[in-house]
Amino acid sequence: MIDVVFHLIIFFVVTLKMTTDANPDIVLEDGKHGVTLTQDNMPPSTLEIELDRRGRISIHNATLSPDMLTMIIKQRIARHNSNEFPVHIKADRRSQHDQVKRVMDICTAAGIWKLSFVAVQEHKSQKSDSE
Amino acid sequence: MAYQRKQNKGESPKLDMTPMIDVVFQLLIFFVVTLKQEDILSKLSAARPAPSNDERIKENPPELINVLVAPQGFVFNGRLMRLPELDRCIERLSGYSTSAMVVIKCTADSPHSFLIQVLDVCNKYKMTNLSIFSI
């Protein structure tokens with residue numbers, strides 16, 4: 001029994017991700033028909049820009065000013081020598097389009113035309129009821 | 001001395017397992033309680049109007065499907081509609097061609113969730129040529 005219990009504990013320790021670097025306030029809209037995001041189709045070069053309902057722009061929950069975001073995108077284009085890396089916009093479903101437009105405009109001004117919006121394909125955790 | 005040696009002979013020292021099992025169960029319960037499954041995410045790709053595309057569009061004008069995203073709902077063919085109606089319209093149009101360009105025009109005060117809903121419907125019917133305009 002102790003063997004089994006230890007196995008279970010090791011399993012949980014390995015699978016548990018204690019801290020998430022995503023912004024916990026962002027509630028995403030449902031998008032059942034999009035392309036599923038997995039580790040395989042999200043290369044390390046993916047840039048994930050978060051936008052909360054108040055219009056705060058962040059990457060990995062670190063707040064950025066529009067100028068800083070422009071700089072980050074330009075540096076990334078210079079590093080990869082192309083603007084083909086995936087850019088994912090994780091915007092809160094309650095945010096207004098003009099806030100999303102600000103992020104899209106920054107990307108477009110830096111030379112990125114192809115954008116993807118992140119949505120929830122399947123809810124696993126408890127759905128937030130804050131509308 | 002002689003007495004002690006006689007006592008230990010042939011007996012392995014016993015280890016009391018009870019506290020260890022207690023601790024292990026505590027840990028197990030902690031991990032079960034703190035474990036939170038994450039949502040499965042999807043991505044909906046779209047393009048912003050790029051100036052470099054202009055020449056290609058002039059040479060070979062594609063069919064355009066215009067959808068206006070307003071705070072009250074979606075406007076398609078000059079008619080205000082809800083999502084199920086738009087779903088039916090896009091389904092019908094996708095029957096003719098899935099390569100037609102869908103131009104999604106968003107007003108500044110429309111909620112972002114509406115844009116995601118349009119993108120999701122387009123992805124549902126395999127319309128992949130999507131372009132987002134902000135007005």
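Tutor: Let's open with a term: two strands pair if DSSP finds at least two bridges between them. Strands are DSSP runs of E with at least two residues, helices are runs of H or I with at least four, and both are numbered from the N terminus. This is a predicted model, in which local features need pLDDT of at least 70, side-chain atom pairs count only at pLDDT 80 or more, and totals for chains, interfaces and linings use all residues. Residues are numbered from 1 along each chain as its sequence is written, while chains are lettered from A and ligands numbered from 1 in the order in which they are written.

Student: OK, so try that on a pair. Which residue in S1(B) is the bridge partner of Thr36(A)?

Tutor: That's Ser42(B). Here the pairing runs from one chain to the other: S1(A) and S1(B), residues 40-47 of chain B, are antiparallel over two bridges.

Student: And inside chain B, in what sense do S2 and S3 pair?

Tutor: First the general idea: in a regular strand, side chains alternate between the two faces of the sheet. Now the case: S2(B), residues 64-70, and S3(B), residues 73-76, pair in the antiparallel sense over four bridges. They make a hairpin with two residues between them, and Val67(B) has Phe76(B) as its bridge partner.

Student: How many bridges join S3(B) to S4(B)?

Tutor: Three, again antiparallel, with S4(B) covering residues 79-81. One bridge links Val75(B) to Leu80(B). This is a hairpin with two residues between the strands too, and Asn77(B) in its turn has a positive phi of about 55°.

Student: Now the interface. How many residues does the contact take from each chain?

Tutor: People often give interface size as the accessible area lost when the parts come together. Here we count residues in contact, meaning that their C-beta atoms, placed from the backbone, lie within 7 Å. That gives 40 residues from chain A and 37 from chain B. On the chain A side, H1, S1 (35-36), S5 (87-91), H3 (97-110) and S6 (114-122) each supply at least two residues. The largest share, nine residues, comes from S6(A).

Student: What is that side made of, by class?

Tutor: It has 17 nonpolar, 13 polar and ten charged residues. Ala, Val, Leu, Ile, Met, Phe, Trp, Tyr, Cys and Pro count as nonpolar, Asp, Glu, Lys and Arg as charged, and the others, Gly among them, as polar.

Student: Next, helices. Is H5(B) mostly covered or mostly open?

Tutor: Covered: eleven of its 13 residues are buried. A residue is buried if 20 or more other C-beta atoms lie within 10 Å of its own, exposed if 12 or fewer, and partly exposed in between, with C-beta atoms placed from the backbone. Among the buried ones are Phe114(B), Leu115(B) and Val118(B). H5(B) reaches 18 Å from first C-alpha to last, close to the 18 Å expected; that expectation is 1.5 Å times one less than the number of residues. Just after H5(B), Lys126(B) takes a positive phi of about 60°.

Student: Why does H1(A) lie largely in the open?

Tutor: Because the number buried among its 14 residues is zero. H1(A), residues 2-15, spans 20 Å, close to the 20 Å expected.

Student: Which residues have the most contacts inside the largest nonpolar core?

Tutor: In soluble globular proteins, nonpolar side chains tend to be buried together. A nonpolar core is a set of buried Ala, Val, Leu, Ile, Met, Phe, Trp, Tyr and Cys residues joined through C-beta atoms within 7 Å. The largest has 43 residues, and Ile89(A), Val103(A) and Val118(B) have the most contacts inside it. H5(B), residues 112-124, gives the most to this core, with seven residues. Not counting residues up to four places away in sequence, Val118(B) touches Val67(B), Val69(B), Phe74(B) and Ile104(B).

Student: Last one: how many helices and strands does chain A have?

Tutor: Three helices and six strands, in the pattern α-β-β-β-β-α-β-α-β. Its radius of gyration, taken over C-alpha atoms, is compared with a globule rule of 2.2 Å times the number of residues to the power 0.38. At 18 Å against 14 Å for 131 residues, chain A is well over the rule, so it is more spread out than a compact globule. Chain B comes to five helices and six strands.

Methods
Two residues are in contact if their C-beta atoms, placed from the backbone, lie within 7 Å.
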